[in-house]
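Q: I would like a close look at a single part of this model, with its surroundings followed outwards step by step. Please keep the reasoning explicit where a threshold decides the classification.

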Amino acid sequence: MTGHVLFIQGGGDGGYEADTKLVASLCEALGETYSVYYPRMFIEDKPDFGWCQQIGDEIVGIKKDVILVGHSLGASLLMKYLSENEMKNRIVGVFLISTPFWSGGEEWVQGLKLDEAFDNRLPQDVPIFFYHCHDDEVVSFDQFLLYRQKLPWATFREINSGGHQLNNDLTPVAMDIKALRKPVFMR
């Protein structure tokens, strides 16, 4: 087994089901030497819907070096978790697809927003990749540009078309995962 991948789904009604196509594409592109874990995330009555705790439990449950992949809401909450918690597992790489950059004063968004200094709290020795389509109809491309501004050391992959789901083709993500040379140790 080359790697263990934890995929965190996007939000919304039917988010888990919609992202099964993304997971299937990733599994096919990675091949049999990677094990992909795809837990269903449940909505709880908490400011972050309880996802940060669930993400932490899933990471710790793997008990091995882990590659983190998130889509949309799942990607943004992976960022939140990584910037607010110490890692017990070794994180090999982080791959974020169609990631919202939450802002605004509405009460419901406060638990999703990143801390102002989140960029200083992320493990900078762990490769972080962002993927975003110019024609994303759910998360505007401007939010991708905000992450690029805050995290100049990360890798950013602009994709011309494919919408919010990247045409359900995660081949570019799989190629970057396979290109990782060695595990990077926790901070």
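Is Gln54 buried or exposed, and what is its relative accessible area? I would also like to know where Gln54 is placed and which residues it touches beyond its sequence neighbours.

A: What follows describes a predicted model. In this model Gln54 has a relative accessible area of 13%, and because buried means under 20%, Gln54 counts as buried. Its place is in helix α2, and, if residues up to four places away in sequence are not counted, Gln54 touches Arg40, Met41, Phe42, Glu44 and Phe49.

The helix that holds Gln54 also packs against another one. The axes of α2, residues 51–62, and α3, residues 73–84, come within 9 Å of each other and cross at roughly 75°, which makes α2 roughly perpendicular to α3. On the α2 side the contact is made by Trp51, Cys52, Ile55, Gly56 and Ile59, while α3 contributes Leu73, Gly74, Leu77, Leu78, Lys80 and Tyr81. By class, the residues of this contact divide into 8 nonpolar, 2 polar and 1 charged.

Two of the α2 residues in that contact, Ile55 and Ile59, are also touched by Leu6, a residue of strand β1. Leu6 is buried, because its relative accessibility is 0%. Leaving aside neighbours within four places in sequence, the contacts of Leu6 include Tyr37 and Pro39, then Ile55, Glu58, Ile59 and Ile62, and finally Val66, Ile67, Leu68 and Val69. The C-alpha atoms of Leu6 and Tyr37 are separated by 4.9 Å, although these two residues are 31 residues apart along the chain.

From here the view can widen to the nonpolar cores. In soluble globular proteins, nonpolar side chains tend to be buried together. The largest nonpolar core of this model holds 35 residues, of which Leu68, Met79, Phe130, Tyr147 and Leu151 touch the most other members. At least two residues of this core come from each of β1, α2, β3, α3, β4, β5 and α5, and α3 gives the most, with 7 residues. Leu68 touches Leu6, Ile59, Leu78, Leu82, Ile91, Gly93, Val94 and Phe95, when residues up to four places away in sequence are not counted. There is also a second, separate core of 25 residues, which includes Val5, Tyr131, Ile159 and Ile177.

Ile177, one of the residues of that second core, belongs to helix α6, residues 171–179, whose buried residues are Val173, Ala174, Asp176 and Ile177. These residues cover an arc of only 160° around the axis, so they sit on the same side of α6. Their cover includes helix α1 (15–30) together with the strands β2 (34–37), β3 (66–71), β4 (91–97), β5 (128–133) and β6 (155–159). In the loop between β6 and α6 lies Leu166, which has a positive phi of about 50° although it is not a glycine, and which is buried, with a relative accessible area of 6%.

A positive phi also appears in the loop between β3 and α3, where Ser72 is found. The phi of Ser72 is near 55°, in a residue other than glycine, and Ser72 counts as buried at 9% relative accessibility.

Helix α5, residues 141–150, is among the elements that supply the largest core. Its buried residues are Phe141, Gln143, Phe144 and Tyr147, and, seen down the axis of α5, they fall within an arc of 155° and therefore line one face of the helix. The face turned away from this buried side carries the exposed residues Asp142 and Gln149. The buried residues of α5 pack against α3, α4 (118–121), β5 and β6.

Within α5, Phe141 has a relative accessible area of 13% and is therefore buried. Apart from neighbours within four places in sequence, Phe141 is in contact with His132, Cys133, His134 and Glu158. Between the C-alpha atoms of Phe141 and Asp13 the separation is 22 Å, and the two residues are 128 residues apart in sequence.

To return to the starting point, Gln54 is a buried residue in helix α2, a helix whose axis crosses that of α3 at roughly 75°.

Technical notes
Residues numbered from 1 in each chain as written. Predicted model: local features only at pLDDT ≥ 70, side-chain atom pairs only at ≥ 80, totals over all residues. Heavy atoms only, no water. Buried < 20%, exposed > 50% of the residue type's maximum accessible area, 1.4 Å probe, protein only. Helix = DSSP H or I, 4+ residues; strand = E, 2+ residues; numbered from the N terminus. Arc of directions from axis to C-beta. Contact = heavy atoms within 4.5 Å. Axes fitted to C-alpha atoms, helices over the stretch in contact; angles between N-to-C directions. Parallel < 35°, antiparallel > 145°, perpendicular 65-115°, else oblique. Nonpolar A, V, L, I, M, F, W, Y, C, P; charged D, E, K, R; others polar. Core = buried A, V, L, I, M, F, W, Y, C linked by side-chain atoms within 4.5 Å.
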